[in-house]
Amino acid sequence: MTDFVGRRRELKELREDIARTGLDTLSGRKAKAPRARVLLVAGRPGSGRTALAEAFVREVGEDYPDGVLRTRLTSPGGQTVTTERAIRTLLEGLGEPTPPGAAEDELSSALRAALAHRKAILLVDDAADPYQVDALLPDTPECLVVITAEGPLTGIPDVRPCTLGGLDTPSGVQMLAQRIGDTRIAVDPRAAEGLAEECGGQPAALALVGGWLAAHPKAAVSDVAKQLHDMPPGTSGPLGRGFRLVYESLPQPAQRTLRLLPLAPVGIVDSHTASALAGCSVAAAQSTLEDFAGLGLLRHASDGLFLLPGCLVPLLQALLETKERPAEVELARARMLERTVRLLHSCRVMAQPDEQGADEADVRERLDGLPRALRFPDRRAAATWLDTRLPALSAAASLAVADGGLDTLARRLVAALVRALAEHRGTAEAAPELYGLHRLVLDVAERRGLHREQAAALLNLADLDAETGRTQEALERYRAALGAGRAANDPYATGRAMESVGGAYQELADWHRAADWFGRALAQALARGERADEARLYGRLGNVHTYAGRYGDALRSWRTAAAGYRKLADVPGQAKALSEMARIQEYAGRPEESLHTCREAVELARRAGDLRLQAALQVRLADTLDRLGDPAAARLHRSAADRLLGDDPAACEIRSGSD
């Protein structure tokens, strides 16, 4: 940032601290510390601690070729960011996978492993306590960790804080000059020095006063210094006086917009957020936000975003509580959530044309009723909006669920965010975010006694647990989903839960229980006449019987499955069922029957146009013919498989299964 001034002594101290001998070395235990060097910048909010840390990182960045990773441990509103969320942010910055639902210890180990052979800087902003930081510290001394906090972090050894006071007077004057120009400073340099001293050298106060002076070019610097000096003693320090100066100069609509900004999740504001909160047009909100940024009330970020400084949140929160009625605050929050839901709907619709072949007329129809301001020009713009707003969107969903008074809106918001993420990123890539959102749905469903939604959330969470290898946790959630499905009298949820319980037991190699649960799900499907489910479940039973070595039961199950697929006119399903029958017949020592069944399956696969299945079956035929003493015919079938898929190893997938 070009507006950083002063702090040369602090920057020098921080640089010297990198090479400073650590306590481990002084005690004679080690020649080199086994973890990263940790530097701490301590100061009150508004003291410029983050700006100093950023400036220091820019100075030493060339020494760390793997770049800078940033995370924040406290939101501008004062809420503590979970350690899990902070670690995920760092892992995403490294391009490393973040398994959905992973425990904090697992993520911390993954972060340390990812940093083991890197030389990078971790910039950890606004740490609240040492326990947050400890899980982020790399084990390699090649990394550097720079932390900002309000006070010392006594739980982390060998950390000497660089404590910030106010800027010296020349630096304070220089900061004012960046805002209002050198001419007004040169006209009355003593008044400029007095104003810098009146602001206590506090960068946040100087930014506010400098912004006010820039917006009032005819105001004298000396008059502003006197105005600050004459404010009532109850005004809280230089920052409070500077804020009061700016706030009272705003028109009434802008004052109200400013008071409502603490409602913006994690302090991230854009024109739509401000428009919904204040109940004004998007264009008017954008103009107001630009004015706020010029006055030092907001900071510019990328892609039309503004950040609310954390040091101003307590002042704004006090105004919000004293000047706004609770009902008006609730209404503003509801308007903001409703606007977010509509934007997410528009974002999701823009992701669909490429995937589903929808034409422009279809898109217009799905967006019918949305104002032009809520529409995105194309898919890329919608995806960019989703990516840049995702931290605020996730926080909005969490806050809405925690509030408890807007559960209907909260459910709609979570559902819209889930759909938008799934459309733009796919369920696999979005799984870490989806896991948290499904937990929010579960919280609301349990609180409101919504058994159907509870079952759906439990099934979704269990599926993600199963995909990441937490089979026991998945099993418990599947059982809970079964109970919720029964309470809701939802046959789909109960059938899905019973089948999934069977699948979890199958993964745990408990064949008896797996067969029992698949049988329960099959009984329900038979009672309801759900033929597609019947065929699938007969196949799953056949698999379990095969693993257990019960080949007779397995053959009967797969034969019934094949008959079911035939009645459904599902040729690919029938071909795969017959291929499984051939495999089991081979296991049971009946190669002639396996050969006959396999040929029938090949014909069905050919009719279905499934080249991969055809090739795999040709390989199986070749293996069977080899066992029957017909190598010439076996070579012909292998040649046929090669012609179908060449050297693609996936062509041997069925053969690998039988091996």
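**Figure 1. The whole chain holds 32 helices and 8 strands.** Helices (H or I, at least four residues) and strands (E, at least two) are DSSP runs, numbered from the N terminus. This is a predicted model, where local features need pLDDT of at least 70 and side-chain atom pairs count only at pLDDT 80 or more, while totals for chains, interfaces and linings use all residues. Residues are numbered from 1 along each chain as its sequence is written, and side-chain values use heavy atoms, with hydrogens and water left out. Along its principal axes, the C-alpha trace spans about 105 × 70 × 45 Å. Of the 659 residues, 50% are buried (buried is under 20% relative accessible area, exposed is over 50%, partly exposed is in between; 1.4 Å probe, protein chains only). About 30500 Å² of the chain is exposed, with carbon and sulfur atoms supplying 50% of that (Shrake-Rupley method, 1.4 Å probe; for residues, only the protein chains shown count as cover). Take the contacts between residues at least 6 apart in sequence: 64% of them join residues at least 24 apart (contact means heavy atoms within 4.5 Å).

**Figure 2. Helix α4 packs against helix α5.** Here residues 83-93 (α4) and 104-115 (α5) pack at an angle of about 25°, with the axes 10 Å apart. Axes are lines fitted to C-alpha atoms, for helices over the stretch in contact, and angles run from 0 to 180 degrees between N-to-C directions. So α4 is roughly parallel to α5 (under 35 degrees is roughly parallel, over 145 roughly antiparallel, 65 to 115 roughly perpendicular, and the rest oblique). The two helices make a left-handed crossing, meaning the near helix is turned anticlockwise from the far one by less than a right angle; clockwise would be right-handed. On the α4 side, look for T83, E84, I87, R88, L90 and L91, which meet E104, L107, S108, A110, L111 and A114 of α5. Sorted by class, that contact has 7 nonpolar, 2 polar and 3 charged residues (Ala, Val, Leu, Ile, Met, Phe, Trp, Tyr, Cys and Pro count as nonpolar, Asp, Glu, Lys and Arg as charged, and the others, Gly among them, as polar).

**Figure 3. Zooming in on I87 of helix α4.** I87 is buried, with a relative accessible area of 0%. Setting aside residues up to four places away in sequence, I87 touches E104, L107, S108, L111, A135 and L136. For a ruler check, the C-alpha atoms of I87 and S109 are separated by 10.0 Å, and these two residues are 22 apart along the chain.

**Figure 4. Helix α12 meets helix α16.** Residues 237-248 (α12) and 313-323 (α16) pack at an angle of about 55°, their axes 11 Å apart. That makes α12 oblique to α16. From α12 come L239, G240, F243 and Y247, and from α16 come L315, L316, L319 and K323. These contact residues split into 6 nonpolar, 1 polar and 1 charged.

**Figure 5. T257 in helix α13.** This helix covers residues 252-260. T257 is buried, at 9% relative accessible area. Leave out its neighbours within four places in sequence, and T257 is in contact with A274, A278, T288 and F292.

**Figure 6. E580 in helix α28.** The helix runs over residues 571-587. E580 is a buried residue, with a relative accessible area of 16%. Not counting residues up to four places away in sequence, E580 touches N543 and W558.
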